[in-house]
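Thanks for coming, everyone. Let me put a structure up on the screen and walk you through it.

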Amino acid sequence: MAVAGPRRMMWAVEMAVVVMIGLLAMASPTMQVSMKNPLREAVQKISEKTTVFAIIVTANSSEKAFNESGIFNPISSTVYKGRIFLLGTIQGSKFVFVNSPSFPTINAAITVEILADKFDLLGIIYFGSAAALNDSLSIGTVAVPSLIGATGLWKWQPDGAPKEGLLNFGEFNYPTKGENSLGSVQYEKSKVYINGTFKESIWIGVTPEWQQIADEIEVDSVQVVHGLSISSAKASVNNEAYKNFLYNTFKTSVVDTSSVAVALGAYTNELPFILFNGVSNYADGSDVSNNSLANANAVKVLNNFIYLLLIGSPAASYDD
Ligand SMILES: *[C@@H]1O[C@H](CO)[C@@H](O)[C@H](O)[C@H]1NC(C)=O
Ligand SMILES: *[C@@H]1O[C@H](CO)[C@@H](O)[C@H](O)[C@H]1NC(C)=O
Ligand SMILES: *[C@@H]1O[C@H](CO)[C@@H](O)[C@H](O)[C@H]1NC(C)=O
Ligand SMILES: *[C@@H]1O[C@H](CO)[C@@H](O)[C@H](O)[C@H]1NC(C)=O
Ligand SMILES: *[C@@H]1O[C@H](CO)[C@@H](O)[C@H](O)[C@H]1NC(C)=O
């Protein structure tokens, strides 16, 4: 507590400065700041946590696409633990945007925890690029997965272990299958904090209510696929044999490195969350890729989702 106290104070002071700058910068006729004592009112206002939806990305290319889309009107920013939190509006409602460090992925989970601690969050939206495992997906397609397979928890077994793992290296020997001193890998279950207790599973579900909203998404020129599964682990997949293994074993259609961290952070804080994974390349080692298209399309889908989300539950806006 001795540490947390002063840090919290610092955050409040930073936020006060930031919000004051914001208030000055956007002094519009609709602003309802008391003329008797605007400073005091502003400081009081930030002593309560700002109610926002959060958008988290883990790549500069995602941030660039977000900026270039022009959907976000930034109002203020604050730096905390090296992360830049941008406060602003989308379609008139309040959002906080952060580009989190992601290598290793635990960094993104820590960013979610900071968001949950510093803001009154209405939910978390992640978007970014992902690689296709499913050959029927094209570059630029945006997947809205319903299940995340946490496929990075490996128990590496010796060759000839009584209990072989699903990934048996000998089966990949070339030109013929056989023994391989790398043995095999067992996929272990993640611990997911749900309703006050930890449940163990390889699979983590995306918030059904938000998926239902996302089912209505329609964006010109962008193909959106719903209900597929994603593999997520801190291992970038660029190998045809492993791509086929993931697809055939787990029936996952895309693979990325961040989604599982965002999901675990959202579960820990009992927040709704959704993922928009734009397909940027194939996970098979081919060099066909278009990261900017993947992110640009994911932002278009994000913008349409926000429209549908806000119709359903109008969020706090700066005009309130
Ligand atoms: C992302 O952008 C930041 C700030 O411009 C820069 O410091 C960092 O090196 C970039 N990261 C990558 C992976 O390019
Ligand atoms: C995105 O815009 C913010 C300001 O709104 C800026 O600070 C940041 O550098 C921009 N990022 C990129 C990658 O252009
Ligand atoms: C948590 O419990 C509530 C009430 O029983 C239930 O409606 C909800 O679906 C549970 N959440 C999850 C993620 O299982
Ligand atoms: C691959 O993607 C298509 C949609 O493009 C889908 O119909 C199919 O079910 C997916 N395969 C698996 C195993 O999920
Ligand atoms: C990515 O896609 C966009 C839009 O289709 C296109 O203009 C651009 O040339 C593509 N970039 C690459 C590297 O293929």
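Let's start with a pocket. Look at the second largest one. Its lining is made of 21 residues. Nearest its centre are Ser-129, Ala-130, Ser-236, Asp-256 and Thr-257. Which elements give two or more residues to that lining? They are helix 3, residues 60-69, then strand 5, and strand 16, residues 254-256. Strand 5 supplies the largest share, with five residues. As for space, the second largest pocket holds about 350 Å³.

One caution before I go on. This is a predicted model. Please keep that in mind throughout.

Now the ligands. I'll take two of them. Around ligand 2 sit Glu-63, Asn-67 and Pro-74. Two of the contacts are polar. In one, a nitrogen atom of ligand 2 lies 2.6 Å from an N or O atom in the Glu-63 side chain. In another, an oxygen atom of ligand 2 is 2.4 Å from an N or O atom in the side chain of Asn-67. How much of ligand 2 does the protein bury? On its own, ligand 2 exposes 360 Å², and the protein buries 49% of that.

Next, ligand 4. Its surroundings are Asn-134, Ser-136, Leu-137, Leu-228, Tyr-247, Lys-251 and Ser-253. Let me go through some polar contacts here. The side chain of Ser-136 has an N or O atom 3.0 Å from an oxygen atom of ligand 4. For Tyr-247, the partner is a nitrogen atom of ligand 4, at 3.2 Å from an N or O atom of the side chain. Ser-253 places a polar side-chain atom 3.4 Å from an oxygen atom of ligand 4. Taken alone, ligand 4 exposes 350 Å², of which the protein buries 57%.

On to charges. Side chains of opposite charge can pair when their charged atoms come close. How many salt bridges does the structure hold? It holds four. I'll show you three of these.

Begin with Lys-243 and Asp-135. Their side chains meet at 2.7 Å, N to O. This pair links distant parts of the chain, 108 residues apart. Lys-243 is in helix 6, residues 240-250. Asp-135 is in the loop between strand 5, residues 120-132, and strand 6, residues 142-144. Is each partner buried or exposed? Lys-243 counts as buried, because its relative accessibility is 4%. Asp-135 is exposed, with a relative accessible area of 60%.

Then there is Asp-117 with Lys-118. This salt bridge spans 3.9 Å, N to O. Asp-117 is at 32% relative accessibility, so it counts as partly exposed. Lys-118 has a relative accessible area of 9%, so this residue is buried.

Another salt bridge joins Lys-191 and Glu-200, at 3.2 Å, N to O. Lys-191 is exposed, at 53% relative accessible area.

Let's turn to helix 7, residues 259-268. Why is helix 7 described as largely enclosed by the rest of the structure? Because seven of its ten residues are buried. Those buried residues are Ser-259, Val-260, Ala-261, Val-262, Ala-263, Gly-265 and Ala-266. After helix 7 comes Glu-270, with a positive phi near 50°.

That brings me to the backbone. Most residues other than glycine have a negative phi, and most peptide bonds are trans. So here are some exceptions to look for.

Lys-81 is not a glycine, yet its phi is positive, about 50°. You'll find Lys-81 in the loop between strand 2, residues 72-80, and strand 3, residues 83-90. Lys-81 counts as partly exposed, because its relative accessibility is 48%. Gln-91 also has a positive phi, near 50°. Gln-91 lies in the loop between strand 3 and strand 4. Its relative accessibility is 35%, so Gln-91 counts as partly exposed.

Now the peptide bonds. Which residues does a cis bond join, with omega about -5°? Phe-103 and Pro-104. Pro-104 is in the loop between strand 4, residues 93-99, and helix 4, residues 106-118. Another cis peptide bond joins Tyr-174 and Pro-175, with omega about 5°. Pro-175 sits in the loop between strand 9, residues 167-168, and strand 10, residues 184-187.

That's the tour. Questions, please.

Note on methods:
Residues are numbered from 1 along each chain as its sequence is written. Chains are lettered from A and ligands numbered from 1 in the order in which they are written. This is a predicted model: local features need pLDDT of at least 70, side-chain atom pairs count only at pLDDT 80 or more; totals for chains, interfaces and linings use all residues. Side-chain values use heavy atoms; hydrogens and water are left out. A residue is near a molecule or strand if one of its heavy atoms lies within 4 Å of it. A polar contact is a pair of N or O atoms within 3.5 Å; within protein, one must be able to donate a hydrogen and the other to accept it, and residues adjacent in sequence count only if both atoms are side-chain atoms. Accessible areas come from the Shrake-Rupley method with a 1.4 Å probe; for residues, only the protein chains shown count as cover. Buried means under 20% relative accessible area, exposed over 50%, partly exposed in between (1.4 Å probe, protein chains only). Helices (H or I, at least four residues) and strands (E, at least two) are DSSP runs, numbered from the N terminus. On a 1 Å grid over the protein atoms alone, a cavity is a set of points where a 1.4 Å probe fits but cannot get out, and a pocket is an open set with protein on both sides within 12 Å along at least five of seven lines; lining residues have an atom within 4 Å of a point. Grid points are joined across faces, edges and corners, and a volume is the space filled by probe spheres set on the points.
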